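Morning, everyone. I will go through the empty spaces in this structure and then one of its interfaces. Please have the model open while I talk.

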Amino acid sequence: MTVMDPQTPLETTAERREREKRERYYAASQWTLIWWRFRRHRAAMAGAAILLTMAFLGLFAEFFAPYGPTERNRDYVSGPPQVPMFCDQNGCSLRPFVHGTRTVRDPVTLRATAEPDPETRRHVAFFVPGEPAMLLGAIPISTRLFGLEDGAQLHLWGTDTLGRDVFSRTLYATRTSLSIGVLGVLISFVLALVIGGVAGYFGGLIDSAIQRVTEVVRVIPIIPLYMGLAAAMPKEWSSTQVYFAMTLILGLFGWPTLARRIRSQLLSIRGEDYVLAAQLAGARPARIIGSHMLPSFTSFIIVDLVISFPYMILSETALSFVGLGLRPPAVSWGVMLQQAQSVQVIEQAPWLFIPAGFVVLAVLAFTIVGDGLRDAADPYGQAG
Amino acid sequence: MVRFLAERSFGMIVTLFMVSVMVFFIMELPPGDFAERYAFRKFSGTGVTITPADIAAIRAELGLDQPAVVRYFDWISGIVLRGDFGQAYAFDTSVNNVIGQKVWLTLGLLFATLIITYLISVPIGIYAAVRRGGAADYGLTLFSYLGLALPNFLLALVLLYFANLWFGASVGGLFSAEYAEAPWSAAKLWDLMKHMWLPALVLGWSAMAYQIQTVRATMSDEIGKLNVTAARARGVPETRLLLKYPARLALNPVVSTIGFDVNRIFSELPIVAAVLGLTELGDLLLKSFLDLDMNVAGAILLMLTVVIVVMNFVSDLLLAWLDPRIRLGG
Amino acid sequence: MGRLLEVENLTVSFRTDEGLITPVQGVSFGVDAGRTLGIVGESGSGKSVSTKAVMRLLPVSARIGDQSCIAFTDRDGARIDVHALRPGARALRRLRGGEIGMIFQEPMASFSPVYTIGNQIMETIRLHKGLRGAAARDLAVEMLTKVGISNPAARVDQYPHELSGGMRQRAMIALALSAGPRLLIADEPTTALDVTIQAQVLDLMAGLQRDLGMAMIFITHDLGVIAQVADEVAVMYLGTIVEQGPVRQLLKTPAHPYTQGLIAAIPRLDRIDNRLTPVPGEIPSPSARPSGCPFRSRCAQAILGVCDRTPPPLTRLGGGQSVRCHLHDRARAVA
């Protein structure tokens with residue numbers, strides 16, 4: 001004990017350490033606090049890791065996927081997954097390998113089917129040459145992360161009914177589905193900002209009118225509404241056009257929840273002194289909303305944005321699944337699942353359901369990250 | 001109370017009007033119009049060449065050359081005044097004929113789904129809140145996360161697979177083959193009930209997951225409230241206490257979101273119907289969107305939305321009946 | 001015959017995410033029939049937890065120490081060991097409401113908003129008096145009349161939100177007294193009310209206590225209120241009773257620095273020119289309890305090397321007053 005603090009007449013070292021920790025906590029910025037709290041939410045951290053991994057794999061699909069999304073292997077149609085192994089009945093090898101395939105014709109139906117040939121071995125290799133492709137649309141590459149020696153094809157998750165590699169397609173689909181989610185959320189965010197901002201800032205008659213419109217959008221069942229809009233897309237549109245139209249459709253009706261949040265928050269702080277001060281200083285409404293009012297609840301907006309991702313992803317998947325969304329050659333999780341519409345597929349080619357696993361995983365991850373963020377962003381939360 | 005009713009009724013009518021405009025807009029959206037699609041459909045493959053003049057003739061006959069506002073009022077007045085939804089080109093008959101009794105089938109499915117949803121989610125949510133932190137609670141939390149993450153068509157497929165495995169192949173659809181075209185009878189109704197549980201479970205899945213979370217959250221809040229402690233302090237037995245005080249209030253958010261649940265259920269209806277082979281409005285809606293038979297699609301979309309709006313109204317009434325603070329304007 | 005309620009060495013701890021915290025540590029108090037005990041302390045001092053323990057109203061995460069004893073003598077003269085009762089026991093249900101009534105700080109929150117106040121009062125009457133229907137209703141109306149609610153026959157069918165704050169607290173008192181308990185625990189019953197209403201409710205309670213001859217435990221953070229209602233007073237700080245004694249003597253000659261601080265913080269009409277002197281600092285959280293004397297982190301007279309080492313023992317000062325403070329510890333003074 002050297003200096004006596006008048007507020008704390010007696011303080012042991014442990015207590016001082018405790019107090020300093022507390023002071024550091026009080027001095028931390030809002031975002032640092034949110035990050036500290038979020039970091040302690042283990043499930044949410046895991047969810048975030050899953051999403052980042054998915055985004056990374058999707059972004060660099062040209063490198064991670066051994067084959068292109070529409071490349072067909074006519075010798076291995078509806079083929080089951082090939083799991084690399086180290087041992088078979090002919091002994092073991094230090095390098096993982098898969099068996100080669102041979103085509104046999106069904107004696108009755110005369111249909112050609114692929115069948116593993118246990119006598120041949122194809123070794124798995126890394127950084128193998130592949131078709132030239134553009135990484136991120138700009139960097140030309142002709143190397144793949146992995147593949148088989150001698151140009152034979154490795155189908156980790158099997159092939160679909162046209163002989164396309166499910167693993168590669170899933171990676172490309174991840175990119176499409178996630179990016180549709182991102183664009184859809186962005187569009188609905190901008191709309192929510194404008195609509196909720198106007199309603200909440202001006203209030204009164206404008207607000208009531210906007211509330212009525214919001215009510216209408218909220219009341220029409222959303223997937224049938226999306227279907228109606230998607231059905232209107234001309235048949236001759238290219239898959240790129242359809243892709244952007246889809247993001248627009250999803251974004252166009254995703255705003256009500258967020259707009260409502262922004263509106264009510266704005267309404268509640270509309271009368272605060274600092275808003276009045278900005279108004280008296282002659283700032284324009286857009287500026288007052290943008291730089292004075294929104295920052296007070298940015299964290300809530302981010303939470304709402306994260307939480308709205310699953311709806312986008314599920315809607316896109318559902319629409320593509322029934323043929324009203326993206327169209328081939330575009331590939332998304334929903335497009336891939338079009339091949340898995342019947343119970344027979346579960347019995348005959350269950351690997352076609354792998355993209356569904358990605359849908360569930362992505363939606364779960366987004367939901368859990370959203371929950372974690374909400375807990376972390378809540379200043380009155382228990383976690384401290 | 002009278003004022004409350006009047007306000008809500010007026011709001012409902014305004015909403016319905018705007019919904020009908022929106023639906024009409026969607027009906028007008030696809031490229032080309034009814035006359036073109038009708039003509040192509042009717043004469044394609046018959047060797048007859050269609051000239052623009054033929055199409056113009058059909059257009060004039062059906063009044064499609066009028067401006068959109070006039071056509072909207074023709075359409076909506078037909079529905080409101082005569083209950084006439086117009087022509088279904090794909091079936092070459094009236095929309096009313098195509099839809100027919102499927103409306104009742106759909107409503108039946110809706111109510112079956114709602115009943116199953118609430119019968120399952122309310123007790124489970126209450127139980128989870130009472131046993132907060134227990135293994136059952138964590139299991140349910142996990143389930144409700146999954147419930148929100150699993151696309152319903154996937155759930156439908158999985159359930160269908162297991163149902164086929166355990167109960168034989170007769171599970172899909174709404175009727176067994178022998179009853180599909182049969183007139184209504186007690187046996188047919190029973191057959192319908194036997195087929196209804198699977199689609200009801202699938203349709204109610206996400207509503208269930210959502211409601212379990214809501215009931216659990218409200219119940220947890222309510223259990224911690226002073227009025228529960230106060231009731232305990234006057235010696236009310238525990239089970240009765242939980243049911244009379246917190247559980248009663250945990251019903252409020254459920255009742256107030258009935259409209260949302262109906263919306264959610266109808267939203268999933270077309271896709272679930274496609275997977276499960278249900279012959280009702282959802283299935284018809286999807287088919288008519290794919291065929292661009294917009295009169296049928298618009299009629300169904302409007303009907304579904306009307307049901308949602310009405311259920312919203314019912315939910316408001318129920319809530320007012322349940323909660324004196326709303327009823328008495330507190 | 002012993003005291004009506006006797007609490008010995010009560011310790012309550014909670015399991016939390018941050019480990020075991022103990023908001024009440026070795027507290028002893030009691031109350032005789034017809035008398036009033038006042039418990040004073042800041043929020044977080046453990047006064048509510050102690051009385052909730054008496055009613056077994058603590059959440060399941062709470063543990064009452066093995067050495068603790070809570071004994072209540074019921075109207076048949078039987079001694080009930082409250083701590084030993086099973087959670088669903090009949091005796092416990094009879095105790096709650098029937099023997100001990102309780103009123104809380106927030107009259108609005110202590111009524112369920114979706115039932116009429118009559119419904120909730122009659123529930124108590126049905127449970128403890130065995131009256132049903134019109135008889136129960138008549139008694140409810142009579143109780144409302146007794147607590148000074150005008151037009152009770154109409155009020156009985158009203159919902160809590162239709163009553164004013166003071167009315168609600170009167171109704172709550174009617175509810176707590178409707179089964180004729182012999183002890184009333186009032187947990188800050190006037191804190192949420194306006195000052196004028198506060199005085200009315202205090203008067204009402206004092207009058208009812210006289211008429212019904214029941215005992216009362218009155219919890220408050222306001223020593224001024226205690227001076228009006230209590231016979232005896234216990235001052236709590238961070239889970240322990242730091243000073244206890246007859247109310248007049250304790251207010252006149254407070255021994256503990258904390259009690260002295262509290263008395264200095266009472267607004268007084270004769271010193272209106274002076275500023276109020278609050279007790280400096282904040283009450284530490286039960287998870288960060290100071291070593292030795294719990295009050296030493298805010299005590300201006302703390303003795304280095306003593307107060308932070310050992311908890312002060314109980315010292316009897318005569319006249320029924322006792323204190324836990326090293327400044328009064330004669331054993332230490334001798335040594």
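The second largest cavity has a volume of about 60 Å³ in this predicted model. Which residues line the second largest cavity? From chain B there are Ala230(B), Ala233(B) and Arg234(B). From chain C there are Gly97(C), Gly101(C), Met102(C), Thr124(C), Leu175(C) and Ala176(C). In terms of elements, α10 (226-233) of chain B gives at least two of these residues, and so do β7 (100-103) and α7 (165-177) of chain C. Sorted by class, that lining has five nonpolar, three polar and one charged residues.

How many cavities of 30 Å³ or more does the structure hold? There are six. The largest of them comes to about 70 Å³. Its lining is made of His256(C), Pro257(C), Cys293(C), Phe295(C), Arg296(C), Cys299(C), Gln301(C), Ala302(C), Cys307(C), Cys325(C), His326(C) and Leu327(C). If you want to find it on screen, Cys293(C), Cys299(C), Cys307(C) and Cys325(C) are among those lining residues. By class, the lining of the largest cavity splits into eight nonpolar, three polar and one charged.

Now a pocket. The second largest pocket has a volume of about 750 Å³. It is lined by 26 residues, and those closest to its centre are Arg212(A), Glu215(A), Arg8(B), Asn312(B) and Asp316(B). The elements that put two or more residues into this lining are α6 of chain A and, from chain B, α1 (2-28), α12 (258-276) and α14 (294-322). The class count for the lining of this pocket is nine nonpolar, ten polar and seven charged residues.

Last, the interface between chain A and chain B. Chain A brings 42 residues to the contact and chain B brings 41. About 3,600 Å² is buried between these two chains, with 81% of that area coming from carbon and sulfur atoms. On the side of chain A that touches chain B, at least two residues come from each of α6 (204-219), α7 (222-231), α12 (298-321), α14 (343-348) and α15 (354-377). The residues on that side of chain A are 31 nonpolar, six polar and five charged.

And how many salt bridges are counted between chain A and chain B? The count is zero. Polar contacts do turn up across this interface: five residue pairs, with both partners at pLDDT 80 or more.

That is what I had on the cavities, the pocket and the interface.

Key: Residues are numbered from 1 along each chain as its sequence is written. Chains are lettered from A and ligands numbered from 1 in the order in which they are written. This is a predicted model: local features need pLDDT of at least 70, side-chain atom pairs count only at pLDDT 80 or more; totals for chains, interfaces and linings use all residues. Side-chain values use heavy atoms; hydrogens and water are left out. Contact means heavy atoms within 4.5 Å. Buried area is the accessible area (1.4 Å probe) that two parts lose on being put together, summed over both. A salt bridge is a side-chain nitrogen of Lys or Arg within 4 Å of a carboxyl oxygen of Asp or Glu. A polar contact is a pair of N or O atoms within 3.5 Å; within protein, one must be able to donate a hydrogen and the other to accept it, and residues adjacent in sequence count only if both atoms are side-chain atoms. Helices (H or I, at least four residues) and strands (E, at least two) are DSSP runs, numbered from the N terminus. Ala, Val, Leu, Ile, Met, Phe, Trp, Tyr, Cys and Pro count as nonpolar, Asp, Glu, Lys and Arg as charged, and the others, Gly among them, as polar. On a 1 Å grid over the protein atoms alone, a cavity is a set of points where a 1.4 Å probe fits but cannot get out, and a pocket is an open set with protein on both sides within 12 Å along at least five of seven lines; lining residues have an atom within 4 Å of a point. Grid points are joined across faces, edges and corners, and a volume is the space filled by probe spheres set on the points.
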